[in-house]
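Welcome! Take a moment to look at the sequence and the 3D structure, and then let us walk through them together.

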Amino acid sequence: MYKSPLHIVIMESSKIIYEGLQAIICQSELYCRASRIETLDELSGMLETTKIDILIANQLQFVNREKEIKKIRKAYPSLSVAGIDFGIMQKQPVLTDISFTLYDSAEHIIHTLEKLERKNQSPAQQKNESDNLTKRELEVLTGLVNGMLNKEIADALNISIHTVVRHRKNITVKTGIRSQSGLTIYAISKKIVEIEDIEI
Amino acid sequence: MQMADLIDANPNLLLMLQHFNIDFRVSDQTVMQLCENQGISENLFVSIANLYNGFGTKGHQPFSSEDMLQVIEFLKSSHNYYRWDKYPQISSYIRQLQESHSGKELKLLEKFFNEYFTEVLDHLDYEDNVAFPYFITLLDSEKSEVESEVYSSKEYSDHHTDIELKLQDLKNLLLKYVKIEGDLDLRRKLFFALYELEYDLYIHSLIEESILIPSGISIEREQNV
């Protein structure tokens with residue numbers, strides 16, 4: 001599947017810091033492109049025309065502009081923000097998703113960015129695979145379809161009733177089907193159980 | 001505002017007129033004239049029309065006992081629409097599908113629907129025979145002679161969700177999972193019927209939750225004082 005490179009924007013007025021970060025990012029295995037802006041005003045303009053996945057920002061730029069940042073974050077929920085922590089500011093968890101300091105190792109910084117990337121992708125992937133049930137969920141589903149009670153399923157799989165209930169909830173979220181008879185039809189359509197096994 | 005214009009903007013209001021037992025030939029009557037001619041309070045009529053148009057009722061407007069009796073008649077009429085019109089229609093579409101496609105999945109789907117239909121009928125009967133008479137007694141009795149241990153307004157609201165959830169299951173099964181080759185005409189008719197039913201059921205429960213139950217509870221409170 002084609003995957004577009006991550007677009008990372010570094011908002012930092014110091015050339016030394018920007019070039020250092022850029023070197024770390026470009027030499028890593030992250031599939032990305034990096035661009036630079038110096039001020040918050042440039043960010044708004046850029047967001048209107050280009051998709052930005054991750055913003056790495058000098059948090060000093062956020063001082064007294066909290067409202068604007070919040071507005072941007074609301075308007076572009078897929079944008080992740082990593083703050084450069086100079087150790088002089090208190091953490092602002094609302095404004096950034098994650099932060100690193102100038103003294104962190106290159107590996108640590110990349111690792112931090114990778115975490116952000118995964119966070120970004122997971123909702124879309126979950127949606128794609130929405131009805132991909134786990135092995136355990138399939139086992140619980142098979143039990144349900146065969147008319148077993150929660151307790152019987154719990155005993156057969158050697159798990160607690162509480163866990164069975166949790167699996168059932170997940171099955172409903174993933175399939176969109178809630179009733180037992182509806183799940184039976186689902187299981188047959190998906191060939192999870194053989195139709196011969198079911199009495200009509 | 002003329003009623004005919006409102007219908008033009010949202011034809012679903014025809015269903016509302018039917019539930020109020022009002023003829024569709026509304027001529028050029030305004031809403032106010034229509035209400036007056038039909039002996040329905042404007043407050044009630046507009047509140048329900050708002051629900052059909054996607055707005056909530058404005059706050060808790062006080063409804064009179066007369067209003068409440070009309071609400072109950074309205075709900076009974078929508079029960080008949082489910083019982084004699086919508087569900088049989090859906091049932092016949094599923095039957096036709098099942099007959100023209102081999103495979104046990106559709107047989108199971110038909111069984112699923114028939115069981116669901118039976119549950120719905122039970123529920124409708126329960127409301128007609130237990131819940132509504134309770135509300136009517138509540139409205140009639142000036143003194144507190146209602147046997148509130150037998151039944152109460154809150155209990156009533158727990159009953160609906162199941163009906164809507166299984167309908168959701170049916171739609172999801174048809175939209176996402178059960179494989180049927182071709183027959184798009186019949187399947188489209190089935191989907192439209194399901195969505196029409198879903199829409200009216202939704203409004204139905206809104207009326208119960210935002211008009212009938214709050215009014216019932218406030219009468220219960222008054223009588224308990």
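Helices, runs of at least four residues that DSSP assigns as H or I, are numbered from the N terminus. With that in mind, the elements of chain B read α-α-α-α-α-α-α-α-α from the N terminus on. What you are viewing is a predicted model.

**The two chains**

Chain B has 9 helices and 0 strands, while chain A has 8 helices and 5 strands. Starting at its N terminus, chain A follows the order β-α-β-α-β-α-β-β-α-α-α-α-α. Here are two values for each chain:

| Chain | Residues and buried share | Contacts at least 24 apart, among those at least 6 apart in sequence |
|---|---|---|
| Chain A | 200 residues, 24% buried | 63% |
| Chain B | 225 residues, 27% buried | 75% |

How confident is the predictor about chain A? The mean pLDDT of chain A is 82, and 86% of its residues reach 70 or more. Look with some care at residues 124–130 of chain A, where the pLDDT is below 50. Beyond near neighbours in sequence, that stretch has 1 contact in the model.

**Two crossing helices in chain A**

Now find helix α5 of chain A (residues 135–145) and helix α7 of chain A (residues 161–175), which pack with their axes 9 Å apart and at an angle of about 95°. Angles from 65 to 115 degrees count as roughly perpendicular, and α5(A) and α7(A) are therefore roughly perpendicular to each other. On the α5(A) side, the contact is made by A:R136, A:E137, A:V140 and A:L141. From α7(A) come A:V164, A:H167, A:R168, A:N170 and A:I171. By type, the residues of this contact are 4 nonpolar, 2 polar and 3 charged.

**Where the chains touch**

Which chain gives how many residues to the contact between the chains? Chain B gives 17 residues and chain A gives 14 residues. On the side of chain B that touches chain A, α6 (104–140) and α8 (161–177) of chain B each supply at least two residues. The largest share there, 8 residues, belongs to α6(B). That side of chain B consists of 7 nonpolar, 1 polar and 9 charged residues.

**The nonpolar cores**

In soluble globular proteins, nonpolar side chains tend to be buried together. The largest nonpolar core in this model has 34 residues. Those with the most contacts inside this core are A:L141, A:L183, A:I185, A:Y186, B:L109 and B:L173. Elements of both chains give two or more residues to the core: α5, α6 (150–157), α7 and α8 (180–189) from chain A, and α5 (65–100), α6, α8 and α9 (184–224) from chain B. Which element provides the largest share of this core? The answer is α6(B), with 7 residues.

A:L141 appears here again, after its part in the contact of α5(A) with α7(A). Leaving aside neighbours within four places in sequence, A:L141 is in contact with A:L133, A:I171, A:L183, A:A187 and A:I192. Apart from the largest core lies another core of 25 residues, including B:C35, B:F45, B:V46 and B:F135.

**A last stop in chain B**

In helix α4 of chain B (residues 42–52), the buried residues include B:F45 and B:V46, along with B:L44, B:S47, B:I48 and B:Y52. Just after α4(B), you will find B:G54, which takes a positive phi of about 90°.

Terms used
Residues numbered from 1 in each chain as written. Chains lettered and ligands numbered in written order. Predicted model: local features only at pLDDT ≥ 70, side-chain atom pairs only at ≥ 80, totals over all residues. Axes fitted to C-alpha atoms, helices over the stretch in contact; angles between N-to-C directions. Parallel < 35°, antiparallel > 145°, perpendicular 65-115°, else oblique. Contact = placed C-beta atoms within 7 Å. Nonpolar A, V, L, I, M, F, W, Y, C, P; charged D, E, K, R; others polar. Core = buried A, V, L, I, M, F, W, Y, C linked by C-beta atoms within 7 Å. Buried ≥ 20, exposed ≤ 12 C-beta atoms within 10 Å, placed from the backbone. pLDDT = per-residue confidence, 0-100.
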